[in-house]
Amino acid sequence: EIVVVNAEAKSDAQNRTLPGRIKVPASMIKSMPSLLGEVDVLKTLQILPGIQAGNEGTSGLIVRGGSPDQSLILLDGVPVYNASHAFGLFSIFNADAVHNVEVLKGGFPASYGGRLSSVVDVHMKEGDKYKIHGEGGIGLIFSKVTLEGPLKKGKSSFLLSGRRTYADLILRPILKASAEATKLYTYFTDVIGKMNFPLGEKDRIYFSFYTGEDKFKTIEEYRSIN
């Protein structure tokens, strides 16, 4: 007599498929239509089911009726409180440095507490552990460059990415030529970096950083009256 016993293996609750979870790879982000030739991570998410844009042309997210401030945006697990530049026209994430984006539209774990609508977790690339290489571009709005490579070949790696808009450099000579005009100088910058080191066969430690700024300046100049 043969006795067959069937049983289900215990599964880790954190690895189970969650309803409303979508993973967006970098290849999909770069293949989407872009504004003035520049791919935007958050605008790519606006084409997904259940997600809408805030104001037209901005990077705010309205997920299942929630407001943009009800979405938790993370960069490698760290909350980002202002994820846009130029009054919401562009997000702070350089698509060249992004590995994938994970979106949870509902039913997310309590560890993501603090928001009601959704969670957007942006994961940066870890960097190539075997060779140094990079990519960059010059666009209508800003220029960008990304460099990655090994710190110790086959063991640890780094990623460094930066971009800057040069609208102020283009507009400055035009505005200076006007004797009576409102002088407007505005630009933004982003710098993202990441390093990872092995601690053992299955453990690694990561260091990520981001810095960015928006500059907005107006100077009123009036023609002198003789």
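**A tour from strand β4 to a surface patch**

Start at the turn side of β4. Select Leu74 and Pro79: Pro79 in β5 is the bridge partner of Leu74. This is a predicted model.

Now show both strands in full. β4 covers residues 71-75, and β5 covers residues 78-79. The two run antiparallel and are joined by two bridges. Together they form a hairpin with two residues between the strands. Select Asp76 in this hairpin. Its phi is positive, near 55°.

Next, look at the other partner of β4. Select β9, residues 118-124. Here the strands run parallel, and five bridges join them. For one point of contact, pick Ile73: Val120 in β9 stands opposite.

Stay on β4 and colour by burial. How many of its five residues are buried? Five of the five are, so the strand is mostly covered. Check each face in turn. Ser71, Ile73 and Leu75 lie on one side, and Leu72 and Leu74 on the other. Residues on both sides are buried.

Now go to the surface. Select Leu151, Met195, Leu199, Ile205 and Phe207. These residues make a nonpolar surface patch of about 460 Å².

Zoom in on Met195. This residue sits in strand β13, residues 181-198. Why does Met195 count as partly exposed? Because its relative accessibility is 34%, which falls between the 20% limit for buried and the 50% limit for exposed.

To finish, show β4 and Met195 together. Every residue of β4 is buried, whereas Met195 is partly exposed.

Key
Residues are numbered from 1 along each chain as its sequence is written. This is a predicted model: local features need pLDDT of at least 70, side-chain atom pairs count only at pLDDT 80 or more; totals for chains, interfaces and linings use all residues. Side-chain values use heavy atoms; hydrogens and water are left out. Buried means under 20% relative accessible area, exposed over 50%, partly exposed in between (1.4 Å probe, protein chains only). Helices (H or I, at least four residues) and strands (E, at least two) are DSSP runs, numbered from the N terminus. Two strands pair if DSSP finds at least two bridges between them. Patches are made of residues with over 30% relative accessible area and no salt bridge: like charges are joined within 9 Å, nonpolar side chains (Val, Leu, Ile, Met, Phe, Trp, Tyr) within 5 Å. Accessible areas come from the Shrake-Rupley method with a 1.4 Å probe; for residues, only the protein chains shown count as cover. A salt bridge is a side-chain nitrogen of Lys or Arg within 4 Å of a carboxyl oxygen of Asp or Glu.
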